[in-house]
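I opened this notebook page to record what I looked up, beginning with single positions and then turning to the chain as a whole.

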Amino acid sequence: MTVRMEDVSKRFGRQWVIKQFSEAFHTDTIYGIRGRNGSGKSTLLRMLSGQLSPSRGRVVFQKAGVAIPPDRIYRYVSWTGPYFEVVEELTVLEMLTFHFRLKPAAEGMTPAIILDRTGLTPFADRPLLDCSSGMRQRILLATALYAAAPILLLDEPTVTLDREAAEWFEAELQRFAVGRLTVIASNDPRDLKACASVTDL
Ligand SMILES: Nc1ncnc2c1ncn2[C@@H]1O[C@H](COP(=O)(O)OP(=O)(O)OP(=O)(O)O)[C@@H](O)[C@H]1O
């Protein structure tokens, strides 16, 4: 997979958030995007996910040299960020089961295995409403890390994670970024440690 941002600018109302940004992202590489609050990191991820169009320039998605139509890009993307909302009435297991019914999980990954890898088996029946923010973040990361999608987009992945959970994320990223194109947006050095290159906005 290749995602090429060509001279991309994004404007909300009168405010230009991103100006003439160009970069090519490829499979099997982890890229970092860094920048002050409001510099456009999440906006860039939204454009990489295909959910937001640039105001100028273009984002080109290609698989084996063949362009992917914009209305199909969502099938190739697994994405999470701390602002992602969850259905709080669902239990941890119900949320994972529901999610991976809509978005296929990586080969061999069942909800039970995912719970185990995430360290959340003892909390399988706990409603998300009663989960701590760190537990919720682990669940959100699990939905992205363990999806069978070749593009992995992570916004501030270790926010709210304690040291042990951050180490879990680091190890899982090493394994589940293989064969995928990964982009991490963050200012936290913990998040950017595994990145082959980091671009400042
Ligand atoms: N849908 C929108 N409508 C209007 N303005 C928006 C919209 N989305 C983002 N913005 C504005 O664009 C700017 C960049 O926002 P963005 O969330 O991309 O920044 P960020 O670098 O991710 O910030 P942070 O580090 O605080 O998460 C901000 O000024 C924000 O208010």
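In which helix is serine 133 found? I located serine 133 in helix 4, which covers residues 133–145. I kept in mind throughout that this is a predicted model.

Entry on serine 133. I next looked up how much of this residue can be reached, and its relative accessible area came out at 47%. I noted serine 133 as partly exposed, because that class lies between the cut-offs of under 20% for buried and over 50% for exposed. I also checked a partner remote in sequence: proline 82 is 51 residues apart from serine 133 along the chain, and the C-alpha atoms of the two are separated by 9.2 Å.

Entry on methionine 1. Is methionine 1 buried or exposed? I found a relative accessibility of 16% for methionine 1, and since buried means under 20%, I entered this residue as buried. Its place is in the segment before strand 1, the strand that spans 2–12. Lysine 63 lies 62 residues from methionine 1 along the chain, yet I read a separation of 4.6 Å between their C-alpha atoms. Lys63 also appears among the residues that methionine 1 touches, once residues up to four places away in sequence are left out. The others I wrote down for methionine 1 are Phe25, His26, Thr27, Gln62, Ile68, Tyr76, Pro150, Ile151 and Leu181.

Entry on the whole chain. I counted six helices and nine strands in the protein chain. For its overall form I compared the radius of gyration, 17 Å, with the value near 17 Å that a compact globule of 201 residues would have, and so I recorded agreement. The C-alpha atoms fill a box of roughly 50 × 35 × 30 Å along the principal axes. Of the contacts between residues at least 6 apart in sequence, 72% join residues at least 24 apart.

Entry on surface and charge. I noted that buried residues make up 47% of the 201 residues, while the chain exposes about 10300 Å², with carbon and sulfur atoms supplying 49% of that area. There are 25 positive and 23 negative charges, and I found their mean positions to be 8 Å apart.

Entry on the record. I looked up UniProt, where an unreviewed entry lists residues 3–198 as "domain: ABC transporter". Over residues 3–198, I recorded 30% helix and 28% strand, with the end C-alpha atoms 16 Å apart.

Methods:
Residues are numbered from 1 along each chain as its sequence is written. This is a predicted model: local features need pLDDT of at least 70, side-chain atom pairs count only at pLDDT 80 or more; totals for chains, interfaces and linings use all residues. Side-chain values use heavy atoms; hydrogens and water are left out. Helices (H or I, at least four residues) and strands (E, at least two) are DSSP runs, numbered from the N terminus. The radius of gyration is taken over C-alpha atoms; the globule rule is 2.2 Å times the number of residues to the power 0.38. Buried means under 20% relative accessible area, exposed over 50%, partly exposed in between (1.4 Å probe, protein chains only). Contact means heavy atoms within 4.5 Å. Accessible areas come from the Shrake-Rupley method with a 1.4 Å probe; for residues, only the protein chains shown count as cover. Lys and Arg count as positive and Asp and Glu as negative; His and the chain ends are not counted. The place of a charge is taken as NZ of Lys, CZ of Arg, CG of Asp or CD of Glu. UniProt positions are given in the numbering used here, feature names are shortened, and annotations may be inferred rather than shown by experiment.
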